[in-house]
Amino acid sequence: MNIEKTILILDLDGVLITSPPWKSDEMDFDGYSKFDSECVKNLNIILEEECCEIWLSSTRRRTKSLIELNTIFRNRGIFKEIKGFLPENDYNLDRKEEILNFLKEKEIRDFIIIDDDKSLNAMSDDLKEKLVLTDYSKGLNREKLGEALQKLKQNN
């Protein structure tokens, strides 16, 4: 696979959807979970400043098709298409292992991960340098936007 752009490995819950895990998501007009408007704005800033391909790591990739999720993104003001999903997790792997397998399989070197999954703290230091670990209740807030832009500039 020949990828020339930076790969953005993106989670939804805790990144764009900031509902507490113990509370039902607030639904948007299309019947899908609302995205936090500040988080959407910050994601769009990243996408405008950097040439990224979005690859979804969220477990929500199992309940909606790529076409459906791209429509949901457009409905929320994110006009960059999702390129694909991380491969299905047939072996009960944690998020860290899913990402490591994806990077190895696709031979990806230029990437950034935006996720709230604490299992990613167990990655090697060189991979953690490309991780923006969000807080599920704050998501991709202004602080994490700055961190992401800094990490992307280091990639270039």
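Phenylalanine 35 touches Leu12, Leu16, Ile17, Val40, Ile72, Phe73, Arg76 and Ile78, leaving aside residues up to four places away in sequence. The model in which these contacts are found is a predicted one. One of the partners, phenylalanine 73, forms an edge-to-face aromatic pair with phenylalanine 35, with 5.8 Å between the centres and 90° between the planes. Phenylalanine 35 lies in the loop between S1 and H1 and phenylalanine 73 in helix H2, so the pair ties together parts that are 38 residues apart in sequence. Both phenylalanine 35 and phenylalanine 73 are buried. Another partner, arginine 76, lies over the face of phenylalanine 35, at 5.1 Å from the ring centre.

**Nonpolar cores**

In soluble globular proteins, nonpolar side chains tend to be buried together. The largest nonpolar core here has 29 residues, and the members that touch the most others are Leu8, Leu10, Leu12, Leu16, Phe35, Phe73 and Ile114. At least two residues of this core come from each of S1, H1, S2, helix H2 (66-75), S4 and H5. The most are given by H1, with five residues. A second, separate core has 15 residues, among them Trp55, Leu103, Phe111 and Leu133. Phenylalanine 111 also has a charged neighbour: lysine 130 lies over the face of its ring, at 4.8 Å from the ring centre.

**Helix H1**

Helix H1 covers residues 37-49, which makes 13 residues. From its first C-alpha to its last, H1 reaches 19 Å, close to the 18 Å expected at 1.5 Å a residue. At the N-terminal end of H1, aspartate 36 acts as a cap, with a side-chain oxygen 2.9 Å from the backbone nitrogen of glutamate 38. The buried residues of H1 are Cys39, Val40, Asn42, Leu43, Asn44, Ile46 and Leu47. These buried residues pack against strand S1 (6-10), strand S2 (52-56), strand S4 (111-115) and helix H5 (142-155).

**Aromatic pairs**

A pair of aromatic rings is described by the distance of the centres and the angle of the planes. The structure has three aromatic pairs, including the two in the table.

| Pair | Centre to centre | Angle between planes | Geometry |
|---|---|---|---|
| Tryptophan 22 and tyrosine 136 | 6.2 Å | 80° | edge-to-face |
| Phenylalanine 35 and phenylalanine 73 | 5.8 Å | 90° | edge-to-face |

The pair of tryptophan 22 and tyrosine 136 links distant parts of the chain, 114 residues apart. Tryptophan 22 is in the loop between S1 and H1, while tyrosine 136 is in the loop between strand S5 (131-133) and H5. Tryptophan 22 is exposed, with a relative accessible area of 66%. Tyrosine 136 is partly exposed, at 31%.

**Two further loop residues**

Aspartate 11 lies in the loop between S1 and H1. Its relative accessibility is 4%, so aspartate 11 counts as buried. Leaving aside residues up to four places away in sequence, aspartate 11 touches Ser57, Ser58, Arg95, Ile114, Asp115 and Asp116. Between aspartate 11 and arginine 76 there are 16 Å in space, C-alpha to C-alpha, and the two are 65 residues apart in sequence.

Most residues other than glycine have a negative phi. Glutamate 107 has a positive phi of about 55°, although it is not a glycine. Glutamate 107 is placed in the loop between helix H3 (95-106) and S4. With a relative accessibility of 63%, glutamate 107 counts as exposed.

Conventions:
Residues are numbered from 1 along each chain as its sequence is written. This is a predicted model: local features need pLDDT of at least 70, side-chain atom pairs count only at pLDDT 80 or more; totals for chains, interfaces and linings use all residues. Side-chain values use heavy atoms; hydrogens and water are left out. Helices (H or I, at least four residues) and strands (E, at least two) are DSSP runs, numbered from the N terminus. The expected span of a helix is 1.5 Å times one less than its number of residues. Buried means under 20% relative accessible area, exposed over 50%, partly exposed in between (1.4 Å probe, protein chains only). Contact means heavy atoms within 4.5 Å. A polar contact is a pair of N or O atoms within 3.5 Å; within protein, one must be able to donate a hydrogen and the other to accept it, and residues adjacent in sequence count only if both atoms are side-chain atoms. A nonpolar core is a set of buried Ala, Val, Leu, Ile, Met, Phe, Trp, Tyr and Cys residues joined through side-chain atoms within 4.5 Å. Rings of Phe, Tyr and Trp (its six-membered ring) pair if their centres lie within 6.5 Å; planes under 30 degrees apart count as stacked, over 60 as edge-to-face and the rest as tilted. A charge sits over a ring if NZ of Lys or CZ of Arg is within 6 Å of the ring centre and within 35 degrees of the ring normal.
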